[in-house]
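Below is a short note for a colleague who is meeting this structure for the first time. The points that follow take up helix packing and then one of the pockets.

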Amino acid sequence: MEKTAIVTGASSGIGLAISKMLVKHGFVVYGFGRTFYESEDFNNNFKSFFHQVICDITDTKQLIAALNTIKKQHRVGLLVNNAGVGFYGPHETLNSTKIQQMVRTNLEAPMIITNILLRDLQKTKGIIVNVSSVTATKSNTHGCVYGATKAGLTSFSHSLFDEVRKTGIKVINIQPDMTKTNLYRNADFSEDEDILAHLEPKEVADMIEYIIDCRDGLVISDVTLKPQLHRIKKVKNTSK
């Protein structure tokens, strides 16, 4: 496999954990994010192979320009569409800006990125990983739009694989449950602190590591990850 990867939402959480795993695997990683904050995760060895791409993936013109710059320098072998945003509550309490942000981040951007990179990934017989959600397969009161965008991403994954499997591309749809990230910063709930009641970002990355290490010819097309306990923590929602 070509050892250049693109990971969206790579500044923290699941995306950062995936990026760290890929660097250990010898990948050069181009991590997309709106903002990057230096931390102990960004040590010198990691920074040698992890390139920060400051980009708003909902800005299509900026996104395409960034992808084309990378394409001129590298052949991409792995794409991880991980970036996501969620706003929660009764549907009538949302506004058009929040709805648009979820649709464009969670669904439109992965489709555009995949479209731009697909011919290159066919040449490298690469892998596409779409980080969806358990909400893709169930009813989501107080999260109608978020669940709908993830259902769309899951459907896109399934159809895309059937379309391109003959070219050697693998398409993986991974559906994590409650994970300890900042996804719930706009909600009146968060993951429960009990380790039995949430996933850790590294655990999602570890599953992706297992998947990409599978032999040629074996495709794990869908994976759902859940904690042992189904429990959340209620918090005060300070978002406006």
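1. In this predicted model, a useful place to begin is the pair formed by helix H4 (residues 96-124) and helix H5 (residues 144-164), whose axes come within 9 Å and cross at roughly 15°. Because angles under 35 degrees count as roughly parallel, H4 is described as roughly parallel to H5, and the crossing in which H4 passes H5 is right-handed.

2. The contact between these two helices draws on residues of H4 that include Ile99, Met102, Val103, Leu107, Met111 and Leu118, while the H5 side has, among others, Val145, Tyr146, Leu153, Phe156, Leu160 and Val164. Sorted by class, the contact of H4 with H5 comprises 13 nonpolar, five polar and one charged residues; Asn106, Thr114 and Gln122 of H4 take part in it, as do Thr149, Lys150 and Gly152 of H5.

3. H4 also packs with helix H3 (residues 60-73), and here the axes come within 11 Å and cross at roughly 30°. H3 and H4 are therefore roughly parallel to each other, and their crossing is right-handed.

4. In the contact of H3 with H4, the residues Thr60, Leu63, Ile64, Leu67, Asn68 and Lys71 of H3 meet Arg104, Glu108, Ile112, Ile113, Ile116, Leu117 and Asp120 of H4. By class, these residues divide into seven nonpolar, two polar and four charged.

5. What is the angle at which helix H1 (residues 13-24) and helix H6 (residues 201-212) pack? The angle is about 45°, with the axes of H1 and H6 8 Å apart, and the two helices are therefore oblique to each other. The crossing of H1 and H6 is right-handed.

6. On the H1 side, the contact with H6 is made by Gly13, Ile14, Ala17, Ile18, Met21 and Leu22, and on the H6 side by Pro201, Lys202, Val204, Ala205, Ile208, Glu209 and Ile212. The residues of this contact divide into ten nonpolar, one polar and two charged.

7. Turning from helices to open space, the second largest pocket has a volume of about 290 Å³. Of the 16 residues that line this pocket, Lys125, Gly168, Lys170, Asp216 and Gly217 are the closest to its centre, and the lining as a whole has eight nonpolar, four polar and four charged residues.

Technical notes. Residues numbered from 1 in each chain as written. Predicted model: local features only at pLDDT ≥ 70, side-chain atom pairs only at ≥ 80, totals over all residues. Heavy atoms only, no water. 1 Å grid on protein atoms, 1.4 Å probe; cavity = no way out; pocket = protein on both sides within 12 Å on 5 of 7 lines; lining within 4 Å. Points joined across faces, edges and corners; volume = space filled by probe spheres on them. Nonpolar A, V, L, I, M, F, W, Y, C, P; charged D, E, K, R; others polar. Axes fitted to C-alpha atoms, helices over the stretch in contact; angles between N-to-C directions. Helix = DSSP H or I, 4+ residues; strand = E, 2+ residues; numbered from the N terminus. Parallel < 35°, antiparallel > 145°, perpendicular 65-115°, else oblique. Left-handed = near helix turned anticlockwise from the far one by under 90°. Contact = heavy atoms within 4.5 Å.
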